[in-house]
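I opened this notebook to keep track of what I looked up, one topic at a time. The entries are meant for someone who has not seen the structure before.

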Amino acid sequence: GKTHFVVAMILRYLKSVEPHNRRTILWLSPELEIDKTLKPLRDNRKWDMWFHGIDISEQEMKKKGMDGASFFQKEILEKIESIGEDALIVYDDFPDGSRSLYPFLERHYNSQLRVARHRNQGIISLIHTYAHGKASSQALQSNKTVVFYPRSQQSRCVQFLRDYLQLQTQQAKSIVKRFAALDRWMAIQMHSPVCIYNGKYLVLL
């Protein structure tokens, strides 16, 4: 689903851009070593110069023998700072990572959504639901694009279109049904011009 979508998108990017122009990708995940979907990026030596994974699982914390604050400072913040401008940073289900690490990640993630653009950094968040409290509230205000899967999340898609785009229920249901018939995903551009699109279709709102 969502991980495959982003991996495929990043692979298209890496293959289409000249090596000297490629941006560094930093991928934070509690399943970095076991998620098979990441294999085309994680295990392909061809991309080693640009793809850097950070395991934020409880097991990794214990293996390193570090507390949440130390791990966040040394393994995450220092790496982000060292990469500097132009990085693409993926927060993959970070609420499922180490409990002691979560408060630091949540504050940093929400801060990045507001200020990362000043360093030309792109922020991508993979999360189970858009209604995830503090982990998603800032994202809905700052993100340019939100991606849903209308075939498996129809009711959630309809609710989002009603609550955030002020569409009538019948109109929202019609749009979601149309997109579900065309592709597995639909992207909602939250900034003007507001639109919904996938690989085959686009609707301006």
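The entries below go through two sheets, the helices against them, a few single residues and a pocket.

**Entry 1. What I am looking at**

I note at the start that this is a predicted model.

**Entry 2. The parallel sheet**

I began with the sheet that holds β1. It is an open sheet of four strands, ordered β2-β1-β3-β4, and the pairing is parallel. At its edges I found β2 (51-55) and β4, each of which pairs on one side only. From one strand to the next the twist averages 15°.

I then looked at one pair within the sheet. Strand β1 (residues 25-29) and strand β3 (residues 88-92) run parallel and are joined by four bridges. Which residue stands opposite W27 in β3? I found V90 there.

**Entry 3. Helices on the parallel sheet**

Next I checked what packs on this sheet. Helix α1 does, and it touches β1, β3 and β4. The direction of α1 makes about 165° with that of β1. Helix α5 also lies across β1, β3 and β4, and I noted its angle to β3 as about 140°.

**Entry 4. The antiparallel sheet**

I moved on to the sheet that holds β5. Four strands make up this open sheet, in the order β5-β6-β7-β8, with antiparallel pairing. Why is one side of β5 and of β8 left without a neighbour in the sheet? Both β5 and β8 (202-204) stand at the edges and have a single partner strand each, so one side of each has no neighbour in the sheet. Direction ignored, neighbouring strands here are turned by 15° against each other on average.

For a pair in this sheet I took β5 and β6. They run antiparallel, and four bridges join them. The bridge partner of T145 in β6 is Q189.

I also looked for a helix on this sheet. Helix α7 (residues 154-165) lies across β5, β6 and β7. It runs at about 10° to β6.

**Entry 5. The loop between β6 and β7**

I looked for a cis peptide bond and found one joining S192 and P193, with omega about 0°. P193 is in the loop between β6 and β7.

V194 has its place in the loop between β6 and β7 (195-197) too. Buried, exposed or partly exposed: which is V194? Its relative accessible area is 23%, so I entered V194 as partly exposed, the cut-off for buried being under 20%.

I then listed what V194 touches. Leaving aside neighbours within four places in sequence, V194 is in contact with L165, Q189, V203, L204 and L205. One of these, L204, is 10 residues from V194 in sequence, and the C-alpha atoms of the two are 6.3 Å apart in space. Another contact, Q189, is the residue I had already entered as the bridge partner of T145.

**Entry 6. Two residues with positive phi**

I looked up D93 and Q166, which are not glycine and have positive phi: near 50° for D93 and near 55° for Q166.

D93 is in the loop between β3 and α5. Is D93 buried or exposed? With a relative accessible area of 11%, D93 is buried. Not counting residues up to four places away in sequence, D93 touches K2, P30, L126, I127 and H128.

Q166 lies in the loop between α7 and α8 (169-182). Its relative accessible area is 57%, so I wrote Q166 down as exposed.

**Entry 7. The largest pocket**

Last, I looked up the largest pocket. Its volume is about 1,200 Å³. It is lined by 43 residues, and the closest to its centre are I124, S125, T145, V146 and V147.

Which elements each supply at least two residues of the lining? I listed α1 (2-16), α5 (102-115), β4 (122-126), α6 (134-142), β5 (145-148) and β6 (186-189). The largest share of the lining comes from α1, with seven residues.

I also sorted the lining by residue type. The lining of the largest pocket divides into 22 nonpolar, 14 polar and seven charged residues.

Terms used:
Residues are numbered from 1 along each chain as its sequence is written. This is a predicted model: local features need pLDDT of at least 70, side-chain atom pairs count only at pLDDT 80 or more; totals for chains, interfaces and linings use all residues. Side-chain values use heavy atoms; hydrogens and water are left out. On a 1 Å grid over the protein atoms alone, a cavity is a set of points where a 1.4 Å probe fits but cannot get out, and a pocket is an open set with protein on both sides within 12 Å along at least five of seven lines; lining residues have an atom within 4 Å of a point. Grid points are joined across faces, edges and corners, and a volume is the space filled by probe spheres set on the points. Ala, Val, Leu, Ile, Met, Phe, Trp, Tyr, Cys and Pro count as nonpolar, Asp, Glu, Lys and Arg as charged, and the others, Gly among them, as polar. Two strands pair if DSSP finds at least two bridges between them. Axes are lines fitted to C-alpha atoms, for helices over the stretch in contact, and angles run from 0 to 180 degrees between N-to-C directions. Contact means heavy atoms within 4.5 Å. Buried means under 20% relative accessible area, exposed over 50%, partly exposed in between (1.4 Å probe, protein chains only).
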